[in-house]
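Please open the model in your viewer and keep the sequence panel beside it. The stops below are arranged so that each selection leads on to the next.

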Amino acid sequence: MSTTNIYEIAFAVIGSIGGAGVIIFGLSSFLGKVWAQRLMQMEIAKHAEQLEELKSKFKKNETEHLVRFTGLHEKQADIIAKLYYKLYEVNLCRDTLTLQLQCREIKESYEREYKTYEPWEYIYGVHTLTDEEREMVEALKVAVNDMNSFYGRHKLYLSSECCELMNRVTQLSFFISSNYSNVALKDEKGEYRVNPKVPETWNASIEAIHTMLPLLDSEFKNIIGVDKVT
């Protein structure tokens with residue numbers, strides 16, 4: 001066999017192998033694309049399934065949160081409604097007692113000016129409180145105790161600002177009821193029979209409460225969302 005023939009056979013073999021390589025490469029490229037598309041579709045389906053699961057879980061959590069929030073809001077509204085009523089009772093008793101003190105002072109001033117009593121008489125405003133005044137003081141103490149007891153059991157549902165205001169109103173109301181006998185009793189000259197700071201603090205307490213009540217009312221509305229309703 002001549003050298004020329006050998007080269008021709010070699011080139012033929014190489015040529016045949018090269019053609020097959022092109023065919024194999026093209027086939028593998030085609031199959032690769034098919035499998036890649038299938039894998040991509042599988043991954044897309046898998047991710048879509050996971051996404052739906054996440055959406056379902058999120059929706060469930062959102063619903064549970066809404067249910068809990070709605071229940072909490074209803075509970076807060078119920079507590080505030082009851083607390084507001086008890087606060088109203090305290091305010092009514094306190095204002096009634098304050099008005100009684102004003103009436104007492106007017107009567108005492110009149111008696112001092114016109115001397116409508118004899119020296120041997122039981123001097124109103126010096127010796128003791130009247131039965132009516134005692135009942136008013138006791139009514140205020142009962143109302144404050146009732147309000148404070150209810151507030152203490154449910155303050156977890158109230159805001160920090162609301163609790164701070166409630167604490168101050170309760171403490172000042174206690175002080176007012178406990179010191180009425182001190183600010184009501186004076187001597188025949190109209191001078192207090194206690195440290196002058198007591199009636200001064202008593203009056204300041206009244207003013208402070210009337211300053212805080214609108215703030216407390218606004219805080220109640222803010223908690224239950226009254227001002228947000230259109």
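How many helices and how many strands does the secondary structure of the protein come to? Colour the chain by secondary structure, and you should find 5 helices and 0 strands, where helices (H or I, at least four residues) and strands (E, at least two) are DSSP runs, numbered from the N terminus. Read along the sequence, the pattern is α-α-α-α-α.

Before going further, please note that this is a predicted model, in which local features need pLDDT of at least 70 and side-chain atom pairs count only at pLDDT 80 or more, while totals for chains, interfaces and linings use all residues. Residues are numbered from 1 along each chain as its sequence is written, and side-chain values use heavy atoms, with hydrogens and water left out.

**Colour by confidence**

Now colour by pLDDT, the predictor's confidence in each residue, from 0 to 100. The protein averages a pLDDT of 77, and 66% of the residues score at least 70. Select residues 60–67, where the pLDDT is below 50 and where the model has 0 contacts beyond near neighbours in sequence, a contact meaning heavy atoms within 4.5 Å. Where pLDDT is low, the predicted coordinates should not be read in detail.

**Helix α1**

Select helix α1, residues 3–114, and within this helix pick out Leu 92. Leu 92 counts as partly exposed because its relative accessibility is 42%; buried means under 20% relative accessible area, exposed over 50% and partly exposed in between (1.4 Å probe, protein chains only). A C-alpha to C-alpha distance drawn from Leu 92 to Leu 140 should read 8.6 Å, although the two are 48 residues apart in sequence.

Staying in helix α1, go to Lys 86. Is Lys 86 buried or exposed? Lys 86 is buried, with a relative accessible area of 18%. Leaving aside neighbours within four places in sequence, Lys 86 is in contact with Asp 146, Met 147 and Phe 150.

**Helices α2 and α3**

Show helix α2 (residues 131–154) together with helix α3 (residues 160–178), whose axes come within 9 Å and cross at roughly 155 degrees. Axes here are lines fitted to C-alpha atoms, for helices over the stretch in contact, and angles run from 0 to 180 degrees between N-to-C directions. That crossing angle makes α2 roughly antiparallel to α3, since angles under 35 degrees count as roughly parallel, over 145 as roughly antiparallel, 65 to 115 as roughly perpendicular and the rest as oblique. The residues that make the contact include Val 137, Leu 140, Val 144 and Tyr 151 of α2, and Cys 163, Met 166, Phe 174 and Ile 176 of α3. By class, this contact of α2 with α3 has 9 nonpolar, 7 polar and 1 charged residues; Ala, Val, Leu, Ile, Met, Phe, Trp, Tyr, Cys and Pro count as nonpolar, Asp, Glu, Lys and Arg as charged, and the others, Gly among them, as polar.

**Helices α3 and α5**

Keep α3 on screen and add helix α5 (residues 197–224), which packs with α3 at an angle of about 150 degrees, the axes being 9 Å apart. That angle makes α3 roughly antiparallel to α5. By class, the contact of α3 with α5 has 17 nonpolar, 3 polar and 3 charged residues.

In helix α3, select Ile 176, which counts as buried at 0% relative accessibility. Apart from neighbours within four places in sequence, Ile 176 is in contact with Arg 94, Leu 140, Trp 202, Ser 205, Ile 206 and Ile 209. The C-alpha atoms of Ile 176 and Thr 201 are separated by 9.1 Å, with these positions 25 residues apart along the chain.Then select Leu 172, also found in helix α3, which counts as buried at 17% relative accessibility. Leaving aside neighbours within four places in sequence, Leu 172 is in contact with Ser 205, Ala 208, Ile 209 and Met 212.

**The whole chain**

Finally, zoom out to the whole protein, where 27% of the 230 residues count as buried.
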